[in-house]
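I opened this notebook to record what I looked up in one structure. The entries follow the order in which I checked things.

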Amino acid sequence: MAEAVLGPESQDKSLKSRSSGSRSSQETDRTPDKNKSDGSEPVSQETATPPSDVVELCRETFQKTAEYLQGELDGTIEDYKLLESMNKITMNKYAEMKQIALSVSGALSELNNKYNQLQPYLEQIDQIEESVAALEQVAYNLDQYSKKLENKFKALERR
């Protein structure tokens, strides 16, 4: 693989010499050639072939790196799949909870309506209870008074 690679300056120089056909060869000789090391011959830049063990180690390194990165990507993909399934499950749970909340809300609304319908009767029951308590107090007072009268009557009879 011995290829001569010209630098960008050499390529520019060869393009200029082609395009300016009127220039003399002396003018092009006056410009310094950067590809000449000692002034006699151009230096060709050859790419040296690395040893086969280095090439094999590089391939193995790239292969292992690719496997590692693929494993990392697979792990990340699995994490995202897990998050997606967790989000779906959570979404379903919240949908169920929403239905339960709507059901409870409906039942609570129904109970409030029934309570509001029973409120006048409950107030009447409270009034009756107060009346019964007052009546009990009057009955107790009457009983006390009748006992006093009985005692007075017995006292008068004995005399």
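Below are my entries on the overall fold, the surface and two patches.

Entry 1, the model. I note at the start that this is a predicted model.

Entry 2, secondary structure. I looked up the elements of the chain and found three helices and zero strands. Read from the N terminus, the order is α-α-α. Helix H3 covers residues 52-158.

Entry 3, burial and surface. How much of the chain is buried? I found that buried residues make up 2% of the 159 residues. The chain exposes about 14800 Å². Carbon and sulfur atoms supply 57% of that exposed area.

Entry 4, a nonpolar patch. I looked for nonpolar residues grouped on the surface and found a patch of Tyr-115, Leu-118, Tyr-121, Leu-122 and Ile-125. Together they have about 510 Å² of accessible area. I then checked one member, Leu-122, which is found in helix H3. Leu-122 counts as partly exposed because its relative accessibility is 32%, and the partly exposed class lies between under 20% for buried and over 50% for exposed.

Entry 5, a negative patch. Which residues form a negative patch on the surface? I wrote down Glu-123, Asp-126, Glu-129 and Glu-130. Of these I looked up Glu-123, and its place is in helix H3. With a relative accessibility of 43%, Glu-123 therefore counts as partly exposed.

Entry 6, recap. Helix H3 holds Leu-122, a member of the nonpolar patch. Helix H3 also holds Glu-123, a member of the negative patch.

Methods. Residues are numbered from 1 along each chain as its sequence is written. This is a predicted model: local features need pLDDT of at least 70, side-chain atom pairs count only at pLDDT 80 or more; totals for chains, interfaces and linings use all residues. Side-chain values use heavy atoms; hydrogens and water are left out. Patches are made of residues with over 30% relative accessible area and no salt bridge: like charges are joined within 9 Å, nonpolar side chains (Val, Leu, Ile, Met, Phe, Trp, Tyr) within 5 Å. Accessible areas come from the Shrake-Rupley method with a 1.4 Å probe; for residues, only the protein chains shown count as cover. A salt bridge is a side-chain nitrogen of Lys or Arg within 4 Å of a carboxyl oxygen of Asp or Glu. Helices (H or I, at least four residues) and strands (E, at least two) are DSSP runs, numbered from the N terminus. Buried means under 20% relative accessible area, exposed over 50%, partly exposed in between (1.4 Å probe, protein chains only). Lys and Arg count as positive and Asp and Glu as negative; His and the chain ends are not counted. The place of a charge is taken as NZ of Lys, CZ of Arg, CG of Asp or CD of Glu.
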